[in-house]
Amino acid sequence: MPVFRTAAQVRQDFLDFFRERQHTVVPSASLVPPSGDATLLFINSGMAPFKDVFLEKMTPPAPRVADTQKCLRVSGKHNDLEEVGVDTYHHTFFEMLGNWSFGDYFKTEAIAWAWELLTERWDLDPKRLYVTVHGGDERLGLGRDDEAAEIWARQPGLVSSHILNGSTKDNFWMMGDTGPCGPCTEIHIDLRPDDERAAVDGASLVNTDDPRVMEIWNNVFIQYNALSDGRLEPLPSKHVDTGMGFERITAVLQGKSSNYDTDVFSAILDAAASFSPRPDVKSYDALEMADSNERERVRIALRVVADHLRTVSFAVADGVLPGNAGRGYVIRRILRRAVRYAYQTLGIREPLLVRLVPTLVATMGDAFPELVAQQAYIERVIRAEEETFLETLGTGLTAFSALLPHLRALAAAAEMPGSEDDAEARSALRADAKTMDLLVKAYGAAGISEVDAVLDAFSESAAAQVVPGDVAFLLHDTYGFPADLTALMAREEGFGLGQDAYDALMTRQKERARAAGGFKADMSKIGEDWQTVSGSGAETDTQFVGYDTLRSDTRLAAVRTDTAQDGTVRHLVVLDETPFYAESGGQVGDTGVLHVGGEAVRVLDTVKQSGRIVHVVDRLPEDLEGSVVAEVDASRRRQISQHHTATHLLHAGLREVLGTHVQQKGSLVSPGRLRFDFSHFERVTPDELRAVEQYVNDFAMANVALDEQRNVPIDEARAMGAMALFGEKYGDRVRVIAFGANSVELCGGTHVSATGDVGLFRFVSEGSVAAGVRRVEALAGPAALATLWADLDELAKARAPFKQTREGGLAAEIDALLQQNRALEKQLAEARLAGLDARVAAVADAAQTVRGVRLATARVDGADMDLLRELAQRLAQRLGADGVAVLGGTDASGEKALLAVASGDEAQKTVPAGKLVGALAKHVGGGGGGRPNVATAGGKNPAGLDAALAAAASEIASV
């Protein structure tokens, strides 16, 4: 039996073993692939960081290399996200131990060293080990890998019958349809008890997905180049690429059947359990509930939390922030799954993952120092994301949980429509008022409002084993509950999602939003319905000269007039050559004038459609064939350019002050202001805003000259460090805009010639537009100066009433006034309440008894809701434990009805205030709610107040 080794010892053993054999031990690459690799969202294998070495695009760090590589997978065999945590051996984040030979040693050394490490250094029983070699493939023109088989046969203690032939699927590695490839040899271990091994030969279980007979190490021998015609040609240099799952080999060496039972996870699992408020959850192994199914449910939740904590923390450390697209979307989805399991199963209603980061750092920080260096940052990001999601999670989970039993019952009854089971399931759903209300709202968006029709539609979804897309849309649109999470929970319960209905409702919503956005000329069919004037007409590839001049001699190529449904008419023009910048990249389009003969045609906007520049004009010129002088509004263009350059400086400043995780998520550059959306996990503080503002103004005062480079090869631009928008598509050649070394971006917009032309820069607002995305608005140049003067004028007016200010200046004077005002308001409220005490006593004396409850009602007009609630509570106290106070009245405007209900300690058990006020609110056309002891409601129908107060007795009587 192998000697027990901690996870840290296993990792170090592997690296030391290969260091002793002249390997250079390199740190793990980032989980984020290099910027030039568009084929991967995350590094998902030990080989991925060395792909360019095998493609001969990169020089290896050394001929022999060893490492432990961070990997992230959320799809593929056994790795669908909803399965991780359910079993005990698959993960989203894992380490891959690997040794590499780049044109150095080959099969002999790789196989011998693998066997030596496993059987001599780690003392694994050779009789439990099986190896596979490529058995050959006629299609590839290859016979069996006899070379590898013969080397294996020479390894001490390896039983010859344990050398097995494997298929091309399992034992031949290819990077793609073409390129480097080669056979591989796998090492498997049989962990079954001796009696089972004697009864069934382990060879028959290799590569059959038996978790007790599993692969622990794969050695790939890259010796061929696959050609496009299917042939394989030998490579001049041969390479070795190996991978051994760290978590799996640790479990083997620690004698554990589950990766989660090792010390890789144990500290995190127990820490997570310690935060659960459930008294029966002590630790991962100490669960004090009798129900075995519930024990496993809790363990699954703990495994999900532990796995996902590692994934999210390492991703954030490598610069990935939770977001709505790309890598950020994957990380957000994983984090939310962990939060949901903690909420539903462990009963944890506050951020959990952030409290587990210190345990993760203590466990893995020595091997991965980036966790230590960025611990505080990781915690801030995770806390912000958890807090945001917890705000919406409860509502969605409650709705889904209420829906699920009805969905199951109707699905079970679907095989016998009209049966007694079907009738019972429908009756139970109809009686569940809250769930029916949810369904009526959901299906109402699709025009289904009658209860019977809603029941029919829901039954059809149940029969099809899907959660209605209408419900997913309602949860998303009304409560902010993510549709992908609804789909994930549905799959975990054995249901699909009605995706077509969801997509239809989402499309309808987007169309409504577009329709509300005003007129947009339809250029989707450019070339159709256009009047050709010269050349290729609307198909003309207009030459843009606006970087170099604001005035150009040109001709009309095509014209067109569009009429929107609301009757708005727009005239469109395409030119042979234009200095007008078309709206793109966040920058608004230019305006100006087209001089056609003696006419001055105003250009109202410039847009880009189907790659061509289209000018929106106030009218078409009378002479379509005359010469044209196109002239951009120079003052407006200058202001736009000031704001665009300021946007670049702002981007650099945000990355400098907040961190390099900041990425642009959207922008607007106009003559009057700029707006910039960026990835960040929390509010930008006033001090941070001031630091960024100072950074931009310092940059402007330095008067750094514009360095513009056009037609730069995209790879060269990236090598220059030019920032690109994630998800943006760029051509083979790009334009690079640089202001010194700190601001280098790919950009097609217009800019000032030096940063000094930006002038003054000022923020005007900062806020959130989505989870993990912040928005700032700012001004540059004359617009910024105008706000500064306005602020100074306002300050002077505020100072004017104070002939002499106290120490602390104007702020101290204002604070003193506010304190005085608050004191007076408190005195006024106390006096008013004292005056009403006599009325409270009179109302209490007139109380009636209804079913053992002392009920007092009264009308109090002109009070606000706070006062009405206070009076109701005072009245209930005077009535005693069995008293219920119901007060109603209009607000100060007389246009809104207000209701307040308070119940005594005993009365609230049978007459909860929240339930009573909800029933009474219907009389005033409103709604409300609250706690059992006190609740309030409002409505738009004050005329119903008397009826509401009169109905209190009958409502109590019907309880």
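This note describes the internal cavities of a predicted model.

1. Cavity count. Searching the whole structure yields two cavities of 30 Å³ or more. The points below take each of them in turn.

2. Volume and lining of the largest cavity. The largest cavity encloses about 80 Å³ of space. Its lining consists of Leu836, Arg839, Val840, Val843, Ala858, Val860, Leu871, Leu875 and Leu887.

3. Elements around the largest cavity. Two helices, α24 (809-845) and α25 (865-879), each contribute at least two residues to the lining of the largest cavity. The largest share, four residues, is supplied by α24.

4. Character of the largest cavity. Sorted by class, the lining of the largest cavity comprises eight nonpolar residues and one charged residue, with no polar residues. The charged residue is Arg839.

5. Volume and lining of the second largest cavity. About 40 Å³ of space is found in the second largest cavity. The residues that line the second largest cavity are Ala338, Val339, Ala342, Ile348, Glu350, Pro351, Leu352, Leu353, Glu386 and Leu390. Two or more of these lining residues come from each of α10 (326-344) and α13 (375-413).

6. Main contributor to the second largest cavity. With three residues, α10 gives the most to the lining of the second largest cavity.

7. Character of the second largest cavity. The lining of the second largest cavity has eight nonpolar and two charged residues, and no polar ones. The charged residues are Glu350 and Glu386.

Technical notes:
Residues are numbered from 1 along each chain as its sequence is written. This is a predicted model: local features need pLDDT of at least 70, side-chain atom pairs count only at pLDDT 80 or more; totals for chains, interfaces and linings use all residues. Side-chain values use heavy atoms; hydrogens and water are left out. On a 1 Å grid over the protein atoms alone, a cavity is a set of points where a 1.4 Å probe fits but cannot get out, and a pocket is an open set with protein on both sides within 12 Å along at least five of seven lines; lining residues have an atom within 4 Å of a point. Grid points are joined across faces, edges and corners, and a volume is the space filled by probe spheres set on the points.
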